Amino acid sequence: MAGPLRWLRQLPPLLRYSDLGTARSLLQAAQNMQGPVLNDCSQGRAWQMLQARHLAVKKAKAKGKGQARVNIKAALVEDIINLEEVNEEMQTMVEALKEDFGKNLSIRTSPGSLDHIIVATEDGKFPLNQLGQVSLKSPQLILVNMSSFPESAAAAIKAIRESGMDLNPEADGPVIRVPIPKVTREHREKLTTLAKQLTHKAKESLRKVRAKAVNQTKKAKSTVSEDTIRLIEKQIQQMTDDTSDEMDKLLAAKTKELLG
């Protein structure tokens, strides 16, 4: 019995206590063995078994910690940063993406889909519907009457052409003719590409909001503990990841809608 006890005392304390049941089982088995209590080979196998179990427990705990979510009450850290305002700003990015999808990613072009187009003129930038009267001539043609601001017709044509809606406007006196493209597979794929670009742009804005919030938090390092700073930063990153996931879901839904 002295051999197994000496071997057990060599185990690290944490391993010895956490795997006490396993150690007892091995010792019991050793007592029932014929010949030497534990030879070098059996000791090596027993050590490997305990070590493997110990490492598995550590990995499981580490994995659990990685999945843990932070839930800081905003009122407790309001002197450092307003987490509610940060979250609202991030949600604004989501709403802006929804609006961009609605304006730029319509399969069927309608007069209203041109309203958001911004025209750069010598007097400034204006929405197209403030410079011209937009109407639907037929299911395949939109007209933009620029009689009130004929000098801005060329700029309006350029803005429509560069809107990313795959439109090719033509001038007909003070009127701009905008043929509506057929809903081809190629047109649908172009819209999905545009959807990805809009989502990427929204995520860039989201990262800027995150960076601003983190920088604000770090300014409080001289007055609060590093643990508090890390928890707040983790909360901000968690909010960023959640918002990014929302954007990905919007993109997936819009892509499915566009491709049919």
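Here is a quick briefing on the cores, the sheet and a couple of helices in this structure. Keep in mind that the model is predicted. There's a nonpolar core of 31 residues, the largest one here, and apart from it lies another core of 19 residues. There's also an open sheet built from four strands, with helix α7 packed on it.

**The largest nonpolar core**

- Ile81, Leu83, Leu105, Ile232 and Ile236 are the members that touch the most others in this 31-residue core.
- Three helices, α5 (83–104), α8 (185–218) and α9 (226–259), each put in at least two residues.
- The top contributor is α8, which gives nine residues.
- Take Leu83 as a close-up: leaving out residues up to four places away in sequence, Leu83 touches Ile72, Ala74, Val77, Ile232, Gln235, Ile236 and Met239.
- As background, nonpolar side chains in soluble globular proteins tend to be buried together.

**The other core**

- Apart from the largest core sits a set of 19 residues, and Leu114, Ile117, Leu131 and Leu167 are among them.

**The four-stranded sheet**

- Reading across the open sheet, the strand order is β3-β4-β6-β5, with antiparallel pairing.
- At the edges you'll find β3 (133–138) and β5 (170–172), each of which pairs on one side only.
- On average, neighbouring strands are turned by 30° against each other, ignoring direction.
- The antiparallel pair β3 and β4 (residues 141–145) is joined by five bridges.
- If you want a spot to look at, find Ser135, which stands opposite Leu143 in β4.

**Helix α7 and Ala153**

- Helix α7 (residues 153–161) packs on the sheet and touches β4, β5 and β6 (175–179).
- The direction of α7 makes about 15° with that of β6.
- Ala153 belongs to α7, and its relative accessible area of 13% is why Ala153 counts as buried, the cut-off being under 20%.
- Setting aside neighbours within four places in sequence, Ala153 is in contact with Met146 and Ile176.
- Ala153 and Pro174 are 21 residues apart along the chain, yet their C-alpha atoms are separated by 7.0 Å.

**Helix α9, end to end**

- With 34 residues at 1.5 Å a residue, α9 should span 50 Å, and its end C-alpha atoms are 49 Å apart, so the two values agree.
- Right after α9 comes Gly260, which has a positive phi, near 75°.

Conventions. Residues are numbered from 1 along each chain as its sequence is written. This is a predicted model: local features need pLDDT of at least 70, side-chain atom pairs count only at pLDDT 80 or more; totals for chains, interfaces and linings use all residues. Side-chain values use heavy atoms; hydrogens and water are left out. A nonpolar core is a set of buried Ala, Val, Leu, Ile, Met, Phe, Trp, Tyr and Cys residues joined through side-chain atoms within 4.5 Å. Buried means under 20% relative accessible area, exposed over 50%, partly exposed in between (1.4 Å probe, protein chains only). Contact means heavy atoms within 4.5 Å. Two strands pair if DSSP finds at least two bridges between them. Axes are lines fitted to C-alpha atoms, for helices over the stretch in contact, and angles run from 0 to 180 degrees between N-to-C directions. The expected span of a helix is 1.5 Å times one less than its number of residues.
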